Amino acid sequence: MKPFITDNFLLENTYAEELYHQYAKDQPIIDYHNHLPPAQIAADMQFDTISQVWLSGDHYKWRAMRTLGIDEHYITGNASDQEKFEAWGKTVPHTLRNPLYHWTHLELKRYFGIDELLNEKNATSIYQEINNQLQQQENSCRGLLHKMNVNTLCTTEDPTDTLEHHQAMA
């Protein structure tokens, strides 16, 4: 079966392929709206699980899960990280035609080398594979940002934040 995400994903003609591969592909990312807590970036946190990276604080994914009727216990409640990821795996097929579907699979492919389409049946094995990869130093918080070619990152935190973590990084 042909992978969903290929080098020419969403590129519909040779002009798009040329523009992307020759000019845009290696451009740095300027992220104007990021959900990573500045403390995690400053500490270069080594994540234990993909749920800590993908699901903690991501209100877009939370909204999709709530829309599907996933119990809050598996979204922001006390469920384990694995249970939360499995609930996300159950949700993903229902996000088809939503950017969440594409973002999920682009990240699985580009940063973790996973070609499978995430779903309820394979969520556990994908969870374990990514968690193993997250233990490598190059997949720390800053390592992932470097791998993604993030040049500028604008955080979203409380307006009363003391900015101590920004100052530490500066």
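## Close-up views of a predicted model

**View 1. Helix H7 and its neighbours.** Among the elements covering the buried residues of helix H7 are helix H3 (50–54), helix H5 (81–91), helix H6 (99–112) and helix H8 (141–147), where contact means heavy atoms within 4.5 Å. Helices (H or I, at least four residues) and strands (E, at least two) are DSSP runs, numbered from the N terminus. A quick word on the model: it is predicted, so local features need pLDDT of at least 70 and side-chain atom pairs count only at pLDDT 80 or more, while totals for chains, interfaces and linings use all residues. Residues are numbered from 1 along each chain as its sequence is written, and side-chain values use heavy atoms, with hydrogens and water left out. Which residues of H7 are buried? They are Ala123, Ile126, Tyr127, Ile130, Asn131, Gln133 and Leu134. These buried residues sit on the same side of H7, because they cover an arc of only 155° around the axis; the arc is that of the directions from the helix axis to the C-beta atoms. Buried means under 20% relative accessible area, exposed over 50%, and partly exposed in between (1.4 Å probe, protein chains only).

**View 2. The annotated stretch around H7.** An unreviewed UniProt entry annotates residues 120–147 as "coiled-coil region". UniProt positions are given in the numbering used here, feature names are shortened, and annotations may be inferred rather than shown by experiment. In the model, residues 120–147 are 68% helix and 0% strand, and their end C-alpha atoms lie 28 Å apart. For the twelve residues of H7 (residues 123–134), 1.5 Å a residue gives an expected span of 16 Å, and the end C-alpha atoms are 16 Å apart, which agrees. The expected span is 1.5 Å times one less than the number of residues in the helix.

**View 3. A ring pair between H5 and H7.** Phenylalanine 85 and tyrosine 127 have ring centres 5.5 Å apart and planes at 40°, so this pair is tilted. The pair links distant parts of the chain, with phenylalanine 85 in helix H5 and tyrosine 127 in helix H7, 42 residues apart. Rings of Phe, Tyr and Trp (its six-membered ring) pair if their centres lie within 6.5 Å; planes under 30 degrees apart count as stacked, over 60 as edge-to-face and the rest as tilted. Buried or exposed: what is phenylalanine 85? Phenylalanine 85 is buried, at 0% relative accessibility, and tyrosine 127 is buried too, at 7%.

**View 4. A cluster of rings.** Ring pairs join Phe4, Phe9 and Tyr101 into a cluster. A search of the whole structure turns up four aromatic pairs. One of them is phenylalanine 4 with phenylalanine 9, an edge-to-face pair at 5.2 Å centre to centre and 65° between the planes. Phenylalanine 4 is partly exposed at 30% relative accessibility, whereas phenylalanine 9 is buried at 15%.

**View 5. Two cysteines without a partner.** How many disulfides does a search of the whole structure find? Zero, with a disulfide being a pair of cysteine sulfur atoms within 2.5 Å. For cysteine 141, the nearest cysteine sulfur is that of cysteine 154, 15 Å away. Cysteine 141 is buried, at 1% relative accessibility, but cysteine 154 is partly exposed, at 29%.

**View 6. Leucine 10 and its positive phi.** Most residues other than glycine have a negative phi. Leucine 10 has a positive phi of about 70° although it is not a glycine. Leucine 10 lies in the segment before helix H1 (14–24) and is exposed, at 62% relative accessibility.
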